[in-house]
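Please look over the sequence and the structure shown here before reading on. The paragraphs below then take up a few parts of the structure in turn.

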Amino acid sequence: ESVSGPELSMRMFEPLEKLGVENLYGIVSGIEDKGDYKVVKTGDEEYQTKTVIIATGAKHRHIGVAGEEEYNSRGVSYCAVCDGAFFRNQDLLVVGGGDSAVEEGIYLTRFANSVTIVHRRDELRGDKHSQEKIFAMPNVEFVKSALPKSIKGDKKVSAIEIEYKKTGEIVDIPVDGIFVAVGMIPNNQLVPDFVNTDDAGYVIADETGKTNAKGFFVAGDLRTKDLRQVLTAASDGANAIKSVTDYLNEI
Ligand code: NAP
């Protein structure tokens, strides 16, 4: 069984509403630390609070080629687990050369007629064990040192145009679906400067969600972690609430 993040959130949220837990909506424009209390600013309100849990997640990086946005959800996807089953017996292509691309490629072989992985370098990066697994799969092909140039189609995707970096040759590969797996970008715009992040911009915290800044916690994909999934995000939520409760009992 699978469930999307928003669907699971709503299922968990509805019982809270019935219990009378207060919730407020607003687009947050800034978060400040005033020592004893924090301020969360929205367009026209300011909320004072003792603790803040930031859970703004991460988004999939796009490749930025012509046709990518146009065919998003019409053959272009960023999540094999979410969309793979819609492409049964079709010819699919994955863009990327890291662990996500390999993982997505392996997953798609369950449904696809064929899977082609297009990578801009000669060698994949990441876990060698998963690479050996995918190299041994009969319906997986690799196109290396190749850059995606554009995504083509009519009502839905029909081909991807790629350029071979070494020769400059440009070719169309006919495909029914394109899975983009070129990394994630953390949504860290609201993270105050005094909260430590790693080089990629993820907030540094273990599963307790505690950051370096007192009273500031993080949960979900925005945190430094190995596995960014709905399941681990939900677990982070429970852990962060426990940490907040402990913190409030201590101050
Ligand atoms: P990643 O390791 O950053 O790899 C992104 C890949 O996409 C790279 O090969 C990169 O090429 C390529 N790329 C980036 N921009 C591109 C563009 N515009 N056009 C074409 N190719 C582009 O990201 P990831 O694979 O999502 O993995 C992120 C982290 O999660 C890693 O630490 C990974 O180990 C971890 N992860 C682990 C697992 C697992 O353990 N099962 C599964 C998934 C992810 P270059 O190689 O040339 O930079």
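How many disulfides does the count come to? In this model, which is a predicted one, the count comes to one disulfide. A disulfide is a covalent bond between the sulfur atoms of two cysteines. Here the bond joins Cys79 to Cys82, with a distance of 2.1 Å from S to S, and the angle about the S-S bond is 75°, which makes the link of Cys79 and Cys82 right-handed.

From the disulfide we can turn to the strands, beginning with an open sheet. Five strands form this sheet, in the order 6-13-7-8-9, and their pairing is parallel. Strand 6, which covers residues 76-77, and strand 9, which covers residues 140-143, stand at the edges, and each has a single partner strand, so one side of each is left without a neighbour in the sheet. At one of these edges, strand 9 pairs in the parallel sense with strand 8, residues 114-118, over four bridges. To find a place where this pairing can be followed residue by residue, look at Val118, whose bridge partner in strand 9 is Val143.

Another set of strands shows the antiparallel sense of pairing. Strand 1, residues 28-33, pairs with strand 2 in the antiparallel sense over five bridges, and the two form a hairpin with four residues between them, where Gly35 in the turn has a positive phi of about 90°. Strand 2 also runs antiparallel to strand 3, residues 46-49, to which four bridges join it, and strand 2 and strand 3 again form a hairpin, with three residues between them. Within this second pairing, Val39 stands opposite Gln48 in strand 3.

Is Lys38 buried or exposed? This residue lies in strand 2, which covers residues 38-42, and its relative accessibility is 1%, while the cut-off for a buried residue is under 20%, so Lys38 counts as buried. The strand around it fits this picture, for strand 2 is mostly covered, with four of its five residues buried. Across the pairing with strand 1, Asp33 stands opposite Lys38, and the side chain of Lys38 also reaches the backbone oxygen of Lys214, at 2.9 Å.

Further along the chain, Gly220 is found in the loop between strand 15, residues 216-218, and helix 5, residues 230-250. Although it is placed in a loop, Gly220 is buried, with a relative accessible area of 6%. Gly220 and Val180 are 40 residues apart in sequence, and in space they are 22 Å apart from C-alpha to C-alpha.

The last stop is the ligand. Which residues are the closest to it? The ligand is surrounded by 13 residues, and the closest are Asp99, Ser100, Glu103, Arg121 and Arg125. Sorted by class, this shell has two nonpolar, six polar and five charged residues. Some contacts can be followed atom by atom: an oxygen atom of the ligand is 2.6 Å from an N or O atom in the side chain of Asp99, and an oxygen atom of the ligand is 2.9 Å from an N or O atom in the side chain of Arg120. The backbone takes part as well, since a polar backbone atom of Gly98 is 3.5 Å from an oxygen atom of the ligand. Taken alone, the ligand exposes 910 Å², and the protein buries 68% of that.

Note on methods. Residues are numbered from 1 along each chain as its sequence is written. This is a predicted model: local features need pLDDT of at least 70, side-chain atom pairs count only at pLDDT 80 or more; totals for chains, interfaces and linings use all residues. Side-chain values use heavy atoms; hydrogens and water are left out. A residue is near a molecule or strand if one of its heavy atoms lies within 4 Å of it. A polar contact is a pair of N or O atoms within 3.5 Å; within protein, one must be able to donate a hydrogen and the other to accept it, and residues adjacent in sequence count only if both atoms are side-chain atoms. Accessible areas come from the Shrake-Rupley method with a 1.4 Å probe; for residues, only the protein chains shown count as cover. Ala, Val, Leu, Ile, Met, Phe, Trp, Tyr, Cys and Pro count as nonpolar, Asp, Glu, Lys and Arg as charged, and the others, Gly among them, as polar. Two strands pair if DSSP finds at least two bridges between them. A disulfide is a pair of cysteine sulfur atoms within 2.5 Å. Buried means under 20% relative accessible area, exposed over 50%, partly exposed in between (1.4 Å probe, protein chains only).
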